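Colleague: Hi! Could you walk me through this one? I'd like to start with the pockets.

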Amino acid sequence: MTDSTLEALNQKLDRLIEAVTRLAPPPVPQTDLGEADCFVWQADPGYLEPVRKVNRVDIGLIRGVDRVRDILVDNTERFAAGYAANNVLLWGARGMGKSSLVKAVHAAVNGSAKIDLPLKLIEIHREDIDTLPKLMGLLKMAPYRFILFCDDLSFDHDDTSYKSLKAALEGGVEGRPANVIFYATSNRRHLLPRDMIDNERSTAINPSEAVEEKVSLSDRFGLWLGFHKCSQDEYLDMIDGYISHHDLAIDPETLRAEALEWATTRGSRSGRVAWQFTQDLAGRLGRPLKD
């Protein structure tokens with residue numbers, strides 16, 4: 001075999017190795033849990049992506065939910081300190097600050113200087129719920145304590161991933177790791193649409209058992225915190241809090257009239273509507289909003 005033939009063969013082998021290397025999956029990034037206090041679970045390939053800047057508001061700006069706020073703070077403080085605490089389902093009206101409260105409570109507890117190590121918040125997307133056992137396996141030996149947070153959790157027809165959630169929360173052989181707790185928000189108290197539960201009742205051989213299988217998912221949450229539509233006074237109080245925090249100068253009577261008109265055009269009153277009005281007002285006044 002001539003030198004030129006060997007050289008040509010080597011070049012072909014190099015190109016083949018390069019092509020195969022490109023087809024191989026990239027290595028899974030290594031997670032440094034000390035790098036941040038908040039992470040997002042990336043189920044594929046399976047690592048925790050740190051969040052440098054968390055989208056949240058100060059807990060003092062969340063109005064109209066004082067009772068559930070205090071309950072959630074107490075549960076979270078006990079968990080962060082190493083004591084017994086419950087999984088939490090925050091359910092109810094849209095836009096009333098369910099997910100905002102979870103993130104705000106996490107920040108408040110970490111800022112209280114009552115714990116030795118920072119509490120970690122990990123967001124898991126609804127579609128990745130069936131990977132919960134894998135995530136818990138990664139966390140159970142870590143020195144930190146973790147809130148696993150799923151926003152807008154619910155299950156539709158023919159969706160069986162709720163069984164993975166049930167087993168991961170309380171029903172598996174290993175059970176939930178002592179350093180992990182699960183918080184979820186939902187518009188549904190039982191996480192499943194009513195017609196889905198009714199259909200199980202009407203078609204099952206043993207209707208009561210079929211319905212119990214569906215409804216028992218919400219029983220895995222020791223705390224159910226309900227969020228209901230706010231009153232006009234609570235809505236205006238939310239806006240007053242935002243206006244004061246962001247130093248927006250406006251006549252009180254004008255503010256009240258414009259805020260009520262905004263709610264009327266939206267057809268609802270909620271914390272989200274109050275915040276959207278505040279953003280609109282700041283833009284019209286030519287004032288930036290604080291981070």
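Colleague: So how much space lies in the largest pocket?

Modeller: About 800 Å³. A pocket here is an open set of points on a 1 Å grid over the protein atoms alone, where a 1.4 Å probe fits, with protein on both sides within 12 Å along at least five of seven lines; lining residues have an atom within 4 Å of a point. Before we go on, this is a predicted model: local features need pLDDT of at least 70 and side-chain atom pairs count only at pLDDT 80 or more, while totals for chains, interfaces and linings use all residues. Residues are numbered from 1 along each chain as its sequence is written, and side-chain values use heavy atoms, with hydrogens and water left out.

Colleague: Thanks! Which residues are the closest to its centre?

Modeller: Of the 34 lining residues, those are Ser99, Ser100, Lys103, Asp151 and Arg272. Helix H3 gives the largest share of the lining, 4 residues. Helices (H or I, at least four residues) and strands (E, at least two) are DSSP runs, numbered from the N terminus.

Colleague: Is Ser100 buried or exposed?

Modeller: In between: Ser100 is partly exposed, at 28% relative accessible area. Buried means under 20% and exposed over 50%, with a 1.4 Å probe and protein chains only. Ser100 is found in helix H3, and its C-alpha atom is 7.9 Å from that of Ile62, 38 residues apart along the chain.

Colleague: And what volume does the second largest pocket have?

Modeller: About 310 Å³. Among the 13 residues lining the second largest pocket, Arg56, Val57, Asp58, Lys290 and Asp291 are the closest to its centre.

Colleague: Switching to rings: how many aromatic pairs are there?

Modeller: The count is 3. Rings of Phe, Tyr and Trp (its six-membered ring) pair if their centres lie within 6.5 Å; planes under 30 degrees apart are stacked, over 60 edge-to-face, and the rest tilted. One of them, Phe182 with Phe221, is tilted, at 6.0 Å centre to centre and 50° between the planes. Phe182 lies in strand S6 and Phe221 in the loop between helix H7 and strand S7, so this pair ties together parts 39 residues apart in sequence.

Colleague: Are those two buried or exposed?

Modeller: Phe182 is buried at 0%, and Phe221 is buried at 3%.

Colleague: Last one: what sits over the ring of Tyr144?

Modeller: The charged end of Lys120, 4.4 Å from the ring centre. The rule wants NZ of Lys or CZ of Arg within 6 Å of the ring centre and within 35 degrees of the ring normal.

Technical notes:
Points joined across faces, edges and corners; volume = space filled by probe spheres on them.
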